[in-house]
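Here's a quick tour for anyone meeting this structure for the first time. Have a look at it, then read on.

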Amino acid sequence: MNTQLPTQASVVVIGGGIMGCSTLYHLAQLGVRDAILLERNALTSGTTWHSAAQVRALRHSRNLTRMIQYSVELYSQLEKETGQSVGWIQEGSLSIATQPDRLVHIKRQQALARAYGVDATSVSAEEAKERWPLMNAEDVLGAVWSPDDGRVSPSDVCAALIKAAKHLGASVFEQTAVTGVLTENNRIRGVETSSGTVRCDAIALCAGLWSRDVGAMAGADVPALACEHFYLLTRPIEGITGNTPTLSDHDSHLYIRDDSGGLLVGCFEPMGKPIKPGTLDANFEFGLLAEDWDHFEPMMQNALHRLPVLADAEVKMLLNGPESFTPDGTFMLGETAETQGLFLGCGMNSVGMASGGGAGMNLAHNIVHGAPAYDLSEADAKRFAPVFNSVEHLMARAPEILGTHYDIAYPAKQLKTARHLRRSPLQGRFDQLRAFYGQVFAWERPLYFGAGSSPRLTFKQPDWFEHVREEVLACHQSAAVFDLSTFGKIDVQGEDAEAFLMKTCAGYVNRKPGSVIYSAVLNQRGTYESDITLQRLSESHYRLFVGSSAIRKDLAWFQRALQKTEFKVSITDVTESFASLALMGPDASAISKTLGASLDALPYFKHQQDVIAGVPVLAARVSYVGEAGWELTCELTKVCTLFDALVKAGARPAGLFAQTSMRIEKGFRAMGHELDSDVTPYDVGLMQFTRKEGGFVGYEALQEQTKKPNSKQLVSLLFDDVTAVPLGHEPLIYNDHIVGQTTSCAFGYRVGQPIALAHSKEVISAGATVHVDIAGSLYRCRVQTEPVFDAAGHHMKRFTKAVSQTMGNN
């Protein structure tokens with residue numbers, strides 16, 4: 001075993017909590033035997049040691065659930081591998097509901113569990129009472145029982161991981177503080193420590209509460225902030241014998257289990273208490289914060305209601321330990337946008353012990369192989385806008401995130417803090433039109449217009465149903481205008497621009513200037529990193545349009561791809577220099593003519609310069625909603641003039657909900673829904689947009705896949721029951737077994753039915769009947785392998801009918 005700090009290591013892991021220990025172990029497993037872990041104090045001394053250590057497998061996505069399932073398997077295996085007990089106690093968990101929407105929520109979770117291979121069963125209030133006899137069940141409506149859930153001993157898990165890692169050759173150095181990070185040309189080159197300098201090519205930043213500070217040493221944003229987290233411990237209570245299941249009373253913001261013959265009562269109160277950066281200094285080792293009974297009092301009242309036995313219990317302590325939270329409640333995993341070789345594994349949002357085994361495996365896999373073992377884009381370290389790293393915004397947002405830990409997953413529920421951080425020039429207009437906004441990469445995007453107030457939260461038909469219907473029908477019957485200005489825009493220029501993009505994009509980017517090209521951006525595995533639209537402005541100039549929340553990720557992807565070549569190209573983020581509006585619908589042509597443009601002759605997937613209402617625009621003939629029209633790009637300072645003119649001429653403002661409904665009707669795929677880094681163009685029927693001759697990243701992997709039969713399929717679904725409200729991720733059932741799940745869902749206003757796109761692992765014929773499980777109820781659907789709506793066909797029918805009526809009148 002090494003006792004002297006080495007001067008060189010392939011990877012340095014910073015932080016000795018669960019994430020650091022897991023990452024070190026998995027790096028050693030993958031052959032990085034010279035990896036080292038640096039811990040400023042002692043292992044587990046920050047957050048890990050006081051974790052309540054619940055391990056609940058079910059999460060809102062397949063891969064986050066898969067990750068925790070891996071953690072459970074790993075912890076069991078470690079005990080056999082090392083002889084070190086991990087303290088695994090599998091007594092299950094019981095999630096109760098005391099209000100109707102919570103019951104829907106937990107039944108939706110149960111349906112998800114079926115799709116993800118997690119054992120979960122609905123039980124009555126009476127059965128719930130039998131499993132937790134001390135519980136007051138008078139107001140319980142129902143519950144879900146998950147027998148495979150459990151808990152571990154945090155310190156023992158970390159001890160086992162470190163024992164196994166050392167056996168594989170890795171080294172650990174406690175009492176070794178990182179004092180600086182060495183970089184060169186935005187690449188990691190080493191770390192400076194209290195015991196000397198270590199040169200390295202990669203850092204795994206797993207420093208928990210202090211990750212933001214260490215990230216700043218490397219010039220990288222790490223938007224995470226500590227909040228106080230409370231749980232009550234009692235002395236032994238009569239009626240507590242042995243171990244109990246974890247009781248999840250999320251309507252009361254509580255989790256409850258046994259602890260040494262007494263009770264542990266923890267909470268995620270509606271609004272937490274943030275901890276200002278700098279408060280927890282280098283001496284905060286195995287430290288706790290002061291008890292705050294005034295803050296805990298409302299939760300205590302909830303606990304007394306649920307467990308009357310607490311009234312006579314003797315309190316051991318009110319434990320107050322810090323936990324770190326991110327702006328969206330999901331941890332950060334992967335390489336940073338700013339600094340190559342700096343990989344984040346932090347901001348665990350109080351699920352570190354459950355996630356740590358699988359998250360550490362994926363982080364190690366990312367460092368060694370360039371990507372996680374499976375898609376974890378929802379945890380991508382590049383997903384936050386830089387503005388979210390501000391202390392002011394983190395102090396506002398982190399306490400709210402703590403409070404959302406047990407939220408009911410209502411559709412379109414929006415966070416309230418740290419809003420209006422990035423404002424479109426059109427926001428004043430949108431405010432006057434009573435827009436209801438959603439936050440996307442810190443931008444405020446109108447979801448729909450005409451909102452009198454915040455919508456009622458429900459799993460039934462939403463308040464905005466009629467507002468969105470009117471927007472969709474305006475686009476379908478006359479014209480609508482959508483604001484696309486928040487989309488990322490990247491200029492690629494230079495004599496080698498075409499050659500560079502032919503390498504990095506799978507589409508036909510060698511089209512002539514004036515072309516619009518849709519393209520996949522693939523990795524070496526042939527799966528999606530992004531999907532983009534390119535406008536070729538000249539022989540040496542392209543403008544790339546990427547998703548609003550993908551700009552940092554995609555910009556870093558192209559910049560790092562360029563570093564590996566000798567292409568003479570410049571790459572520039574021009575997102576905030578230009579604005580884009582989509583003018584769509586059968587009256588779009590007439591409106592453009594009224595305002596002085598001549599766009600009718602422009603073919604699909606072409607663009608041209610023109611002037612509309614005195615504003616120079618670049619008009620591209622593309623549509624994401626299945627109605628004819630143009631995407632109009634202009635200088636950001638001119639967009640208000642353009643928008644006002646389009647609206648005055650008859651275009652109705654429409655929001656993201658209308659756009660999404662129309663997208664799904666047309667079967668258009670979207671990143672984060674139908675497309676991700678587990679999916680290839682072959683899986684989703686988009687091979688026609690990839691070059692057959694190859695020459696792009698991922699081509700070889702894609703060719704290998706096409707040599708084999710592919711049973712995967714993306715299908716459209718039409719629900720028979722017009723009252724169904726699918727939201728996404730619901731199990732898809734065919735021939736009495738689960739074959740996939742929904743990806744994007746909405747009401748299809750042009751077809752008059754709820755609709756969805758869904759992944760299936762089996763081929764299903766068009767016209768076949770399938771079922772979708774929504775909160776335990778099966779809804780019958782008809783499968784279509786083509787889009788459920790075709791605008792050209794609808795408008796032709798309308799034209800034919802009008803002609804027939806005219807001839808009849810004559």
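## A helix, two cores and a pocket

In helix H12 (residues 497-504), Ala497, Phe500, Leu501, Met502 and Thr504 are buried (under 20% relative accessible area with a 1.4 Å probe, protein chains only). This is a predicted model, with local features needing pLDDT of at least 70 and side-chain atom pairs counting only at pLDDT 80 or more, while totals for chains, interfaces and linings use all residues. Residues are numbered from 1 along each chain, and side-chain values use heavy atoms, leaving out hydrogens and water.

What do the buried residues of H12 pack against? Here are the partners, as DSSP runs (helices are H or I with at least four residues, strands E with at least two, numbered from the N terminus):

| Partner of H12's buried residues | Residues |
|---|---|
| Strand E24 | 488-493 |
| Strand E25 | 516-522 |
| Strand E26 | 528-538 |
| Strand E27 | 541-546 |
| Helix H13 | 551-563 |
| Strand E28 | 570-573 |

Now for the cores. The largest nonpolar core (buried Ala, Val, Leu, Ile, Met, Phe, Trp, Tyr and Cys joined through side-chain atoms within 4.5 Å) has 62 residues, and Leu24 and Leu78 have the most contacts inside it. Helix H1 (18-29) and helix H2 (62-82) are among the elements that each supply at least two of its residues. Apart from that core lies another, of 56 residues, including Val222 and Phe558. Back in the largest core, beyond neighbours within four places in sequence, Leu78 is in contact (heavy atoms within 4.5 Å) with residues including Tyr25, Val86 and Leu161.

Definitions and conventions. Buried < 20%, exposed > 50% of the residue type's maximum accessible area, 1.4 Å probe, protein only.
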